[in-house]
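Got your viewer open and a selection box ready? Here is a short tour, stop by stop, of what to pick next and what you will find there.

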Amino acid sequence: MSKPITQPAANEKSYILDSHKTVLEQQVIDDVGENDDTENIFQEKPGATTGLASASFNYINSIVGSGVIGIAYALHQAGFVTGLFLLGFVALVTDYSLILMVRSAHLSESFSYQGLMEAAFGRPGFYLLTFLQFIYPFIAMVSYNVVVGDTVTKVLIRVFSLSPRSIFARRHYVVAMATVFVTIPLCLLKDMARLAKASMLSLAFIVFILMAIFIRFITLAPKIPSTRNSWLLFNWGVIPAIGIMAFAFMCHHNVFLLYGSIKGADQGRWDKVTHYSVFASFVISCLFGITGYATFTGYSQGDLLENYCWDDDLMNAARIAFSLTILFTFPIECLVTRAVITQAYGEVSHFFSTILIVATTYLISISTDCLGVVLELNGVISAVPLAFVLPAVSYLKLEQGSVFSLRKLPALGLAIFGMSVAVIGLLIIITTFSTVDRCTHGHDMPYCYNRTE
């Protein structure tokens, strides 16, 4: 006589997971969620996988981007010694949160960030993530416009010897021209696969910029006067600095694309490639931050390239490389933003939604010329919740056992840390926005007038 089959006791988690699996099945039936534009961008062939070395390269390329240009400013904000400690700490908790996301995915059997949040918190979790995934690329596009305005304007002035009164020497018009003639045409493309391949050159551009920064550390740093309290142990800008660092390490929206690209992917292989990639990105960030800060100390700005003199041809070449990186990344961020709008409101006009997104980011970007402010804002509003808070709370929800169990305590600490940084950071930015001078824009730095070639 066969033994009766015993059904596992139902609990809150089983109901959540069962209902989530039903939703996923329905999505596949309706052809929603099987493949999306973002997945097609990053995959040459559906289902193609790579070894750990190639996966690590893609991983590093996903992490290292425009955020590294603000690390020197973050070290200045937090104090050099404290800033270096924080950079290592942010890299460590980023590594943990990335591992936690895949661990949670195995628990929920949902290998997408949206599906993970829906499995843990239902539709409210899905909508919260959708909102943050809209805010992050949207503010990133604003920061890209600020960078283009800073860098291209200086190059045009240098190359064509423009007077300050020239229309082409005004950053608002330069950003407007870049928007009309470059950004909008690229964002209107419906097939961005080739553009994404071109954007893979961004890592090569980052390496070139780093080499230029090293060269200028050797040749320029001795000519720059030291500032008061240059090598502080601690400074009061710790929280905004964490926001900038979180922005620099942000890659959580690509986690499951990266995971799916690994041949024979499992938790162990993911942990290994994450450790290697985050450590390599930490080293690159340290090189940018330490070299930039050692060159300019208290003069360090949110956009490190703003510190270099306008007639510096090597750094103008670096500015061009950085602008190209930005211009090729902008359309992909626009695609993500447009996809979020489609998820929230259904099908919208490709043309009009693109024009609305790009025009809005332009109008916001011309209201400030301080990249540091934009990086801080995006860091505390969206990067910190996306990178630290949501991965932690979703794991706490999905994993069995008490929240205070030894297995869950690190995740609980990560959630508390992320929420504290987000709340305090936002309050600091709001209360000090009009009183703190975060950048010097529109003219050469004082040391540029005292140089001897």
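Before the first stop, one cut-off: buried here means under 20% relative accessible area, exposed means over 50%, and partly exposed is what falls in between. Also keep in mind that this is a predicted model.

**Stop 1: a bridge between two helices**

Select D150 and R171. They form a salt bridge, with the closest N and O atoms 3.4 Å apart. D150 sits in helix α6 (residues 113-160) and R171 in helix α7 (residues 171-187), so the pair ties together parts that are 21 residues apart in sequence. Is R171 buried or exposed? Its relative accessibility is 8%, which is under the 20% limit, so R171 counts as buried. D150 is buried too, at 1%.

**Stop 2: two more salt bridges**

The count of salt bridges comes to six, so there is more to click on. Go to R123 and E118, whose side chains meet with an N to O distance of 3.1 Å. What does the accessibility say about each partner here? E118 is buried at 7%, whereas R123 is partly exposed, at 36%. Then jump to R407 and E399, another salt bridge, this one at 3.2 Å from N to O. On the acid side, E399 has a relative accessible area of 11%, which makes it buried.

**Stop 3: the disulfide**

Now pick C309 and C448. How many disulfides does the structure hold? Just one, and this is the pair: the S to S distance is 2.0 Å. C309 lies in the loop between α12 (267-296) and α13 (313-345), while C448 is in the segment after α16 (409-432), so the link joins distant parts of the chain, 139 residues apart. Measure the torsion about the S-S bond and you should get about -95°, which means the disulfide is left-handed. Both ends count as buried: C309 has 1% relative accessibility and C448 has 10%.

**Stop 4: cysteines to check**

Select C334 next, together with C187. Why is there no bond between them? The sulfur of C334 is 3.9 Å from the one in C187, its closest cysteine sulfur, and that is too far; the cut-off for a disulfide is 2.5 Å. C334 is buried, with a relative accessible area of 0%. While you are on cysteines, C251 is worth a click: it is also buried, at 0%.

**Stop 5: helix α10**

Select residues 238-249, which make up helix α10. How many of its twelve residues are buried? Twelve of the twelve are, so the helix is mostly covered. Run through them and you will meet, among others, V238, P240, G243, M245 and F249. For a geometry check, take the distance between the end C-alpha atoms: it is 17 Å, and at 1.5 Å a residue the expected span is 16 Å, which agrees.

**Stop 6: out to the surface**

Finish with V81, L233, F234 and W236. Together they form a nonpolar patch on the surface, with about 500 Å² of accessible area. V81 belongs to helix α5 (residues 80-108), and its relative accessible area of 43% makes V81 partly exposed.

Definitions and conventions: Residues numbered from 1 in each chain as written. Predicted model: local features only at pLDDT ≥ 70, side-chain atom pairs only at ≥ 80, totals over all residues. Heavy atoms only, no water. Salt bridge = Lys/Arg side-chain N within 4 Å of Asp/Glu carboxyl O. Buried < 20%, exposed > 50% of the residue type's maximum accessible area, 1.4 Å probe, protein only. Helix = DSSP H or I, 4+ residues; strand = E, 2+ residues; numbered from the N terminus. Patch = residues over 30% accessible without salt bridge, like charges linked within 9 Å, V, L, I, M, F, W, Y side chains within 5 Å. Areas by Shrake-Rupley, 256 points an atom, 1.4 Å probe, with all protein chains shown as cover. Expected span 1.5 Å × (residues − 1).
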